[in-house]
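Ready for some practice in reading a protein model? Work through the exercises below with the structure beside you, and try each task before you look at its solution.

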Amino acid sequence: MGSFSLRDPDFIRVCYLVASILFILGIRQLSHPRTARTGNLTAALGMAIAVAATLLDSEIDNYLWIVIGIAIGTAIGVVSARAVKMTAMPQMVALFNGVGGGAVALVALSEYHEGIKALSDIPMDILVPVVVSCVIGAISFSGSLIAFGKLQELITGRPIVFPGQQVVNSALAAGILFLVVYLMAGPESQPLFELMLAGALVFGVLLIIPIGGADMPVVISMLNAFTGLSAAAAGFALDNTALIIAGSLVGSSGTLLTVLMGRAMNRSLANVLFGAFGSHVAGPAAASAEGKTYRQATVTDVATMLAYADKVIVVPGYGLAVAQAQHAVRELADILETKGVDVSYAIHPVAGRMPGHMNVLLAEADVPYPQLKEMDEINPEFSQTDVALVIGANDVTNPAAREDKASPIYGMPILEVDKAQNVVVLKRSMNPGFAGIDNHLYYEPQTVMLFGDAKDSVTKLVQETKTA
């Protein structure tokens with residue numbers, strides 16, 4: 001009987017199998033807030049096993065630079081994750097996703113360079129995934145950086161367009177595709193490979209800049225799918241089973257999420273990928289508030305309205321995240337429940353700046369998960385609701401999506417807040433939301449506006465509601 005070795009191929013394969021199972025279990029646990037934390041730890045354990053197995057499977061004589069890289073990356077990751085505010089979580093996700101795509105592109109570049117040095121003719125089963133992972137990873141990297149810039153407001157969140165943009169994008173895409181085919185069919189060429197990489201980086205920028213900030217949830221999930229697909233392709237190039245499975249899981253789940261987000265915004269997957277969505281600007285019928293009037297309420301008025309209601313639905317949006325008002329909202333809900341009020345939360349699939357943004361915020365405030373209701377479940381309840389409390393949600397509550405064919409968001413499924421008997425909107429001002437579209441809801445006869453910082457307004461409502 002031979003002695004056991006950590007570098008034994010069978011042991012490495014078992015490690016990859018265990019890691020893959022942990023990845024799948026982790027994703028499964030992420031589907032519910034109660035198990036999400038465990039799911040993160042489960043997937044992280046799987047990745048640790050996969051990394052260790054990969055290092056054991058490689059012929060590495062000096063681990064110094066690898067240890068240094070792991071130490072630097074761990075330090076940056078831990079500090080960034082702990083320092084980031086919940087309002088900045090979408091841009092953190094976009095940035096981390098971009099780093100993943102960039103890493104895959106660099107690995108592909110390195111593999112191609114080493115392949116040219118070692119072989120006169122790179123085998124097709126290596127060449128194809130190297131080229132594919134390089135292109136998709138580069139697009140994901142530069143596109144994610146643009147998404148980060150828009151979310152962080154380093155660049156404008158409005159669509160950036162220029163004359164002939166579609167022609168330029170099409171020509172650039174055709175040039176990249178030509179280089180992909182040429183490199184696969186023709187002789188190896190490091191300069192052409194680098195040119196292809198540069199073209200993909202530019203294309204990633206041009207792909208995302210014409211997309212409005214309000215469409216970032218779709219963009220983030222789409223780029224996440226791109227990163228997963230590039231990682232899976234890199235796994236084939238490196239003959240790494242764990243990377244293939246992990247990339248496939250990320251790519252497939254990201255694609256599914258993109259489809260779901262697209263449906264939530266009334267967009268097809270083809271439109272998401274090729275339609276330069278978000279490049280429309282609001283027309284006069286959608287953007288103008290001239291001639292319209294709105295009603296303004298005081299904190300006392302709203303507190304009395306809430307305290308004497310039988311059913312209240314809270315509609316959270318990005319304004320709640322900016323103000324960090326989730327804990328105050330939970331406190332207000334607790335007070336209302338002691339008064340016998342039925343309180344629930346209406347969650348639109350694309351509320352906030354990334355998929356699940358509102359769920360994460362409210363879970364942080366320990367809001368009971370059964371009270372969080374998705375759009376299809378909650379919409380029939382608005383007609384039996386005494387008060388709908390809208391906190392910073394603009395575009396996802398806009399009746400123009402249902403009524404105004406001139407609106408850029410016409411056809412988008414919305415939370416039917418306007419069907420409630422009374423609507424209270426907490427907002428800083430009458431300025432339009434992130435999409436730059438005026439909300440018809442604000443001028444409905446049953447709607448009142450409570451202006452001010454959301455956290456400050458809710459805190460005052462808490463005090464007033466106690467004595468109402």
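Four exercises follow, each with a worked solution, and they all use this predicted model.

**Exercise 1. Find out which parts of the model have the lowest and the highest confidence.**

Solution. Step one is the overall score: the protein averages a pLDDT of 84, and 91% of the residues score at least 70. Step two is to look at single elements. Confidence is lowest in helix α11 (residues 284–287), with a mean of 39, and highest in helix α7 (residues 190–208), with 94. Step three is to check the stretch that includes residues 276–288, where pLDDT stays under 50. For these residues the model has 39 contacts beyond four places in sequence. A word of care: predicted coordinates should not be read in detail where pLDDT is low.

**Exercise 2. Work out how the protein's overall size compares with the globule rule.**

Solution. Begin by listing the elements: the protein has 18 helices and 7 strands. Next, take the radius of gyration, 25 Å, and set it beside the 23 Å that the globule rule gives for 468 residues. The two values are close, so the protein is as compact as a globular protein of that length. Then turn to the dimensions: the C-alpha trace spans about 80 × 60 × 35 Å along its principal axes. Finally, 46% of the 468 residues count as buried.

**Exercise 3. Explain why strand β5 can be called largely enclosed, and identify its partners.**

Solution. First, count the buried residues: 5 of the 5 residues of β5 (residues 387–391) are buried, so the strand is largely enclosed by the rest of the structure. Here, buried means under 20% relative accessible area. Second, look at each face. V387, L389 and I391 are buried on one side, and A388 and V390 on the other. Third, find the partners. Strand β2 (residues 311–316) pairs with β5 in the parallel sense over 5 bridges, and I313 has A388 as its bridge partner. Strand β6 (residues 422–427) also pairs with β5 in the parallel sense, over 5 bridges, with N422 opposite V387.

**Exercise 4. Describe the largest nonpolar core and follow the contacts of Y345.**

Solution. Start with the members: this core holds 41 residues, and those touching the most other members are L306, L332, Y345, I391, L426, V458 and L461. Helix α14 (residues 326–338) gives the largest share, 6 residues. Another core, of 37 residues, lies apart from it and includes V131, C134, L179 and F203. Now follow Y345: beyond its neighbours within four places in sequence, its contacts include V314, V329, A333 and L362. R330, Q371 and K373 are also among the contacts of Y345.

Note on methods. Residues are numbered from 1 along each chain as its sequence is written. This is a predicted model: local features need pLDDT of at least 70, side-chain atom pairs count only at pLDDT 80 or more; totals for chains, interfaces and linings use all residues. Side-chain values use heavy atoms; hydrogens and water are left out. Buried means under 20% relative accessible area, exposed over 50%, partly exposed in between (1.4 Å probe, protein chains only). Helices (H or I, at least four residues) and strands (E, at least two) are DSSP runs, numbered from the N terminus. Two strands pair if DSSP finds at least two bridges between them. pLDDT is the predictor's confidence in each residue, from 0 to 100. Contact means heavy atoms within 4.5 Å. A nonpolar core is a set of buried Ala, Val, Leu, Ile, Met, Phe, Trp, Tyr and Cys residues joined through side-chain atoms within 4.5 Å. The radius of gyration is taken over C-alpha atoms; the globule rule is 2.2 Å times the number of residues to the power 0.38.
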